[in-house]
Amino acid sequence: MNPQAFLRDLERKPEMLRALADSLDAAELWPRRRPERIVMIGMGSSRFAAGVAATRMRAAGVDAVGEYASLEVGTPPGDGVLAIGISASGATEETIEALARHGGSSTTVALTNRSGSAIERAADAVVPMLAGDEDGGVACRSFQHTLALLLALEASTAGGGDVAGAVRRAAEASEDLLERRDTWLPGVGDLLAEGPATFTIAPAERLSSAEQGALMLREGPRRTAGACEAGDWLHVDVYLTKPLDYRALLFAGSRSDPAIIAWMRDRGSRVVAVGGDVDGVDRTVRYRHDGNPDAALLTEVLVAELVAARWWLAQDAQA
């Protein structure tokens, strides 16, 4: 793992997203036949993306679930099941084993960023992530591309909008955040670094942003970080605001945001809002297209990733 290469991976997001959008325009990557059930299987970033995708598909009337690949007993295989094993490296043992259990009964697909990898041998078909090599050793672009490709799956099974267009908006949004980083990143990074831990919060529809954001802070700079869904925060993480110098990155958009901020103001917590204006926060990061839900889903975690890169590079320089 390399912090300089990680930053370069982030800087290539707009380029690779535009290439992905072109590929989505050029070819049908998913079958149009609607299965009786979709099960998306993964660990870590892959599971984060699968969970949000499944929530969206169920809302659109599709029987879909995102599962831990490590489940001892998962969704049973069957003729009407589409089982998707998600692994950027193509080598995630739990995911390969879980997908293999569906072989011979379910239709199996490997969603991977590594051509010729082991997971492909457990699948009937392969959908490439098209995220390119991640030289920093961190699944950042592959996480974003996984989300985009699962949006394309949603569109193919339930009907949907212009996914390629959403991906292009995410490219523009990512470009905006990157080009203006000197205006927001130092202040945001310093504010979040001052506490004993950093907490990420997002609406259920975009929970993957909080989960992936916290993972980036743990995986690169090895900081203590945790993720929580916005509504659940009022029942779960609110208790931490009393004993801790609580620092949070809030991905805005939940109806629970005002109540969260009320607790934080009462207890002297510090919070950065991303993607929307929230009364009472310490800092706000806005970006192009942040009012579009799909663009936000595909883009906003870049704020946490750039904070992680900044901290990681500073630690590397001191080592």
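## Strand S8 and its two neighbours

In this predicted model, Thr 198 finds its bridge partner in S8, and that partner is Arg 247. The pairing belongs to a bigger picture: strand S6 (residues 198–202) and S8 run parallel and are joined by four bridges. S8 also pairs with strand S9 (residues 270–274), again running parallel, through five bridges. If you want one spot to look at there, try Leu 249, whose bridge partner in S9 is Val 272.

So how much of S8 (residues 247–251) is covered? Mostly covered is the verdict, with five of its five residues buried. Follow the side chains along S8 and you'll see Arg 247, Leu 249 and Phe 251 pointing one way, while Ala 248 and Leu 250 point the other way. Both groups are buried. Arg 247, the bridge partner of Thr 198, is one of those buried residues.

## The five-stranded sheet

Now move to another part of the fold. Here you'll find an open sheet of five strands, paired in parallel, in the order S2-S1-S3-S4-S5. Which strands stand at the edges? They are strand S2 (64–68) and strand S5 (125–128); each has a single partner strand, so one side of each is left without a neighbour in the sheet. The strands aren't lined up perfectly, either: neighbours in this sheet are turned by 20 degrees against each other on average, ignoring direction.

Let's zoom in on one pair. Strand S1 (residues 37–42) pairs with S2 in the parallel sense, over five bridges. Within that pair, Ile 38 stands opposite Ala 64 in S2.

## Helices on the sheet

Helix H5 (residues 141–158) packs on this sheet and touches S1, S3, S4 and S5. Its direction makes about 165 degrees with that of S3.

Helix H4 (residues 93–102) is another one to find: it lies across S1, strand S3 (81–87) and strand S4 (107–112). H4 runs at about 165 degrees to S3.

## Helix H3 meets helix H8

Before looking at helix pairs, here's a handy idea: two packed helices are described by the angle between their axes and the distance between the axes. For helix H3 (residues 45–59) and helix H8 (residues 207–219), the axes come within 8 Å and cross at roughly 170 degrees. Angles over 145 degrees count as roughly antiparallel, so H3 is roughly antiparallel to H8. On the H3 side, the contact is made by Ser 45, Arg 47, Phe 48, Ala 49 and Val 52, and on the H8 side by Leu 207, Ser 208, Glu 211, Gln 212 and Leu 215. Sort the residues of this contact by type and you get five nonpolar, three polar and two charged.

Another H3 residue to find is Ser 46. Is Ser 46 buried or exposed? With a relative accessible area of 10%, Ser 46 is buried, because the limit for buried is under 20%. Leaving aside residues up to four places away in sequence, Ser 46 touches Ile 86, Ser 87 and Ala 88.

## Helix H1 meets helix H12

The axes of helix H1 (residues 3–11) and helix H12 (residues 301–318) come within 9 Å and cross at roughly 155 degrees. That angle makes H1 roughly antiparallel to H12. The crossing of H1 past H12 is left-handed. H1 brings Pro 3, Gln 4, Phe 6, Leu 7 and Leu 10 to the contact, where they meet Leu 302, Glu 305, Leu 306, Ala 308, Ala 309, Trp 312, Leu 313 and Asp 316 of H12. Those residues divide into ten nonpolar, one polar and two charged.

## Glu 11 and Lys 13

Glu 11 lies in H1, and its 35% relative accessibility makes it partly exposed. Not counting residues up to four places away in sequence, Glu 11 touches Leu 178 and Arg 181. Its C-alpha atom is separated from that of Leu 99 by 33 Å, with the two residues 88 apart along the chain.

Lys 13 has its place in helix H2 (residues 13–26). At 0% relative accessibility, Lys 13 counts as buried. What does Lys 13 touch, not counting residues up to four places away in sequence? Its contacts are Cys 140, Arg 141, Gln 144, Val 301, Leu 302 and Glu 305. Although Lys 13 and Arg 141 are 128 residues apart along the chain, their C-alpha atoms are separated by 6.4 Å.

Conventions: Residues numbered from 1 in each chain as written. Predicted model: local features only at pLDDT ≥ 70, side-chain atom pairs only at ≥ 80, totals over all residues. Heavy atoms only, no water. Axes fitted to C-alpha atoms, helices over the stretch in contact; angles between N-to-C directions. Parallel < 35°, antiparallel > 145°, perpendicular 65-115°, else oblique. Left-handed = near helix turned anticlockwise from the far one by under 90°. Contact = heavy atoms within 4.5 Å. Nonpolar A, V, L, I, M, F, W, Y, C, P; charged D, E, K, R; others polar. Pairing = 2+ DSSP bridges. Buried < 20%, exposed > 50% of the residue type's maximum accessible area, 1.4 Å probe, protein only.
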